[in-house]
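Hi,

Here is the structure I promised to pass on, with my notes on it underneath. I hope they help when you open it in your viewer.

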Amino acid sequence: MTGERSGMTDGTPGETADGTVTRVFLGRVRTGSPAHGDSTALAVRGGRVVALGDEARALAEVAEEVVESGDGLLMPAFGDGHAHPLFGGLESFGPQIKDLTSVEAIVAEVARWAHAHPDAEWIVGASYDPALAPDGEFDARWLDAAVPDRPVVLRAYDYHTVWCNTEALRRAGVRDTTPEPRLGWIVRRPDGSPLGTLREWHACDLVLDQVPARDEAELVEAVRRACLAYARAGITWVQDAWIEPEMAEAYLAAAGHDALSVRVDLAQRADPDRWRDQRKQFDATRARVRAEGGPLLSARTVKYFSDGVIEGGTAALLAPYLDAPHSCGMPVWEPRALAEAVCAFDADGFETHIHAIGDAGVRAALDAVEAAVLANPARDRRPVITHVQLVDPADLPRFAALGVVANFEPLWAQPDPLQTDLSMPRIGAERSDRQYPMGELARDGVRISFGSDWPVSSYEPLEGIQVAVTRRTFDGDPEGGWIPRQRLTVEQALAAATSGVAHQAGADDRLALLPGAPADLVLLSADPRTVDPMAIRHVRVLGTWLAGAATYRAGEE
């Protein structure tokens with residue numbers, strides 16, 4: 001590789017001061033533009049695409065670097081339309097429980113970490129598999145066997161459930177007589193004593209609020225690690241979909257320490273109990289990020305949780321759960337209150353991002369978006385409803401009519417144990433057959449974007465793209481695909497992970513690799529459109545460029 005000049009202009013990564021062509025890529029280029037199709041070369045100057053095809057090839061003689069892609073594919077960089085990078089980075093600091101396959105293995109890892117960190121006041125970890133215990137209910141005594149004298153708190157990988165030991169319950173004051181919180185459940189033994197599993201906001205916070213705050217250096221390092229992981233995956237833009245005030249401070253500090261290597265938009269979480277008081281705070285944070293966050297950081301979005309999750313019995317349903325005929329779940333907001341809040345923040349100029357999983361949760365989210373459209377002046381709003389797991393058929397046409405972006409986490413659209421052991425038994429066959437209707441919405445002309453919800457699930461876009469195309473587990477089940485009418489084509493899935501996310505981000509200049517577009521690029525080892533669909537996840541990322549500057553090169557970590 002030839003030397004690269006380090007001059008910058010306008011604070012944009014990758015821009016050279018003298019206008020020299022910094023890089024020419026020779027090989028197949030997926031521009032992402034249906035009108036232009038594929039090209040054979042691409043040239044970059046000043047952090048932007050300046051030429052394609054023969055014109056780009058002609059610039060190779062004067063370029064600082066020429067990249068031969070061989071059998072690979074150059075395409076627009078991936079985006080992640082819904083994730084929690086700070087949480088993902090922080091998981092690397094605690095017990096590594098994410099991929100463990102038994103309760104015994106998790107307990108052993110907690111014991112190992114606690115022994116290696118005798119001065120840690122609390123043992124904090126995340127992303128255990130909730131399907132490893134019947135009904136997702138974990139006992140504090142299992143953790144007591146490993147760490148009886150210090151508090152242990154572990155989050156399930158859906159981040160809607162907490163498993164903790166007896167000492168953590170004691171410090172949080174959770175006991176037999178503790179009343180059920182308004183938004184949350186304390187899972188109890190038959191005698192009424194707390195089992196050790198807490199579900200949803202107010203219940204989880206009973207313990208989480210006792211955990212000592214992380215220092216700034218740790219938070220900045222967590223952001224840095226998350227950005228490096230994203231760069232290795234070919235990602236250059238991320239929607240952080242859950243920001244509390246201290247998290248915004250961490251991102252601003254990370255920007256100040258040059259720890260950001262992806263573009264990040266912060267979605268501040270609206271609380272149903274205090275959202276009116278949050279309006280001034282959210283506006284102040286947005287202004288501060290605009291002034292101090294640099295070119296990679298923004299705070300243009302407000303996040304709402306309409307409901308919980310099906311596997312935990314807290315997603316809001318139009319009809320009761322089969323295993324709990326008395327319950328239709330746990331709406332986080334009363335629908336009219338959600339609509340009122342969305343209207344208010346929309347009037348303040350924020351974008352809308354609503355977590356909605358159950359069919360009642362999705363309906364409430366659509367109603368809230370519709371209320372904002374009717375109440376406020378017309379503008380180029382791009383509301384997002386994320387997860388979209390279960391939608392009543394009557395509500396499907398409303399996505400296109402309201403201009404809602406349907407953000408899916410495509411890796412979830414497979415019959416894995418979370419589905420077969422927890423979700424499907426709770427909602428039954430008819431509703432199970434309507435899950436993740438990405439194919440149907442795509443045929444209706446709805447803008448689809450992809451996210452990962454990392455660290456809930458893998459941040460690797462190609463893994464999710466494979467599942468979106470096949471609707472099969474990585475082991476190949478079922479052979480014809482799960483709910484095959486909801487499959488996407490490879491081209492549709494690639495678009496959802498690139499231009500769909502760019503549209504969500506309001507970045508119309510990043511919809512396709514055409515002259516003038518920012519050079520946010522990913523180089524893949526093969527073309528996902530031509531490999532076996534069950535092998536898409538094995539395609540490797542060879543390089544990632546943000547505004548023309550390399551953030552990852554395979555072999556140069």
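**Overall picture**

With 557 residues, a compact globule would be expected to have a radius of gyration near 24 Å, and the protein agrees with that at 23 Å. Please keep in mind that this is a predicted model. Taken along the principal axes, the box filled by the C-alpha atoms is roughly 80 × 55 × 50 Å. The secondary structure comes to 17 helices and 21 strands.

As for burial, 62% of the 557 residues count as buried. The protein exposes about 21200 Å², and 51% of that area is supplied by carbon and sulfur atoms. Among contacts with a separation of 6 or more, 73% are between residues 24 or more positions apart. On the charge side, there are 54 positive and 83 negative charges, and their mean positions are 2 Å apart.

**Salt bridges**

How many salt bridges does the structure hold? The count is 44. Here are some you may like to look at.

Arg379 pairs with Glu351, with the closest N and O atoms 3.6 Å apart. Arg379 sits in the loop between α11 (359-375) and β16 (384-387), while Glu351 belongs to strand β15 (residues 351-356), so this salt bridge ties together parts that are 28 residues apart in sequence. The two partners also differ in burial class: Arg379 counts as partly exposed at 32% relative accessibility, whereas Glu351 is buried, with a relative accessible area of 10%.

Arg274 and Asp271 form another salt bridge, and here too the closest N and O atoms are 3.6 Å apart. Arg274 is partly exposed, at 36% relative accessibility, and Asp271 is buried at 11%.

In the pair Glu430 and Arg434, the side chains meet at 2.9 Å, N to O. This time the acidic residue, Glu430, counts as exposed with 53% relative accessibility, and Arg434 is buried with a relative accessible area of 14%.

Beyond these pairs, a network of salt bridges links Arg28, Arg30, Asp38, Glu491, Asp527 and Arg529.

**A buried glutamine**

Gln504 deserves a stop on your tour. Gln504 lies in helix α17, which covers residues 499-504. Is its side of the model buried or exposed? Gln504 is buried, with a relative accessible area of 3%. Which residues is Gln504 in contact with, leaving aside its neighbours within four places in sequence? They are Gly81, Trp237, Gln239, Arg300, His353, Val384, Val405, Asn407 and Ser449. Of these, His353 falls within strand β15 (residues 351-356), the strand that also holds Glu351.

**Backbone details**

Two cis peptide bonds are worth checking in the viewer. One joins Trp454 and Pro455, with omega about 10°. Pro455 lies in the loop between β18 (448-450) and α15 (461-470). The other runs from Asp477 to Pro478, with omega near -15°. Pro478 has its place in the loop between α15 and α16 (490-497).

There are also residues with a positive phi that are not glycines. Asp135 has a phi of about 60° although it is not a glycine. Asp135 is found in the loop between β7 (123-128) and α4 (140-144), and at 45% relative accessibility it counts as partly exposed. Tyr436 likewise has a positive phi, of about 55°, and is not a glycine. Tyr436 lies in the loop between α13 (417-432) and α14 (438-443). In contrast to the partly exposed Asp135, Tyr436 is buried, with a relative accessible area of 3%.

That is what I have for now. Do write back once you have had a look.

Best wishes

Conventions: Residues numbered from 1 in each chain as written. Predicted model: local features only at pLDDT ≥ 70, side-chain atom pairs only at ≥ 80, totals over all residues. Heavy atoms only, no water. Salt bridge = Lys/Arg side-chain N within 4 Å of Asp/Glu carboxyl O. Buried < 20%, exposed > 50% of the residue type's maximum accessible area, 1.4 Å probe, protein only. Helix = DSSP H or I, 4+ residues; strand = E, 2+ residues; numbered from the N terminus. Rg over C-alpha atoms; globule rule 2.2 N^0.38 Å. Contact = heavy atoms within 4.5 Å. Areas by Shrake-Rupley, 256 points an atom, 1.4 Å probe, with all protein chains shown as cover. Lys, Arg positive; Asp, Glu negative; His and termini not counted. Charge placed at Lys NZ, Arg CZ, Asp CG, Glu CD.
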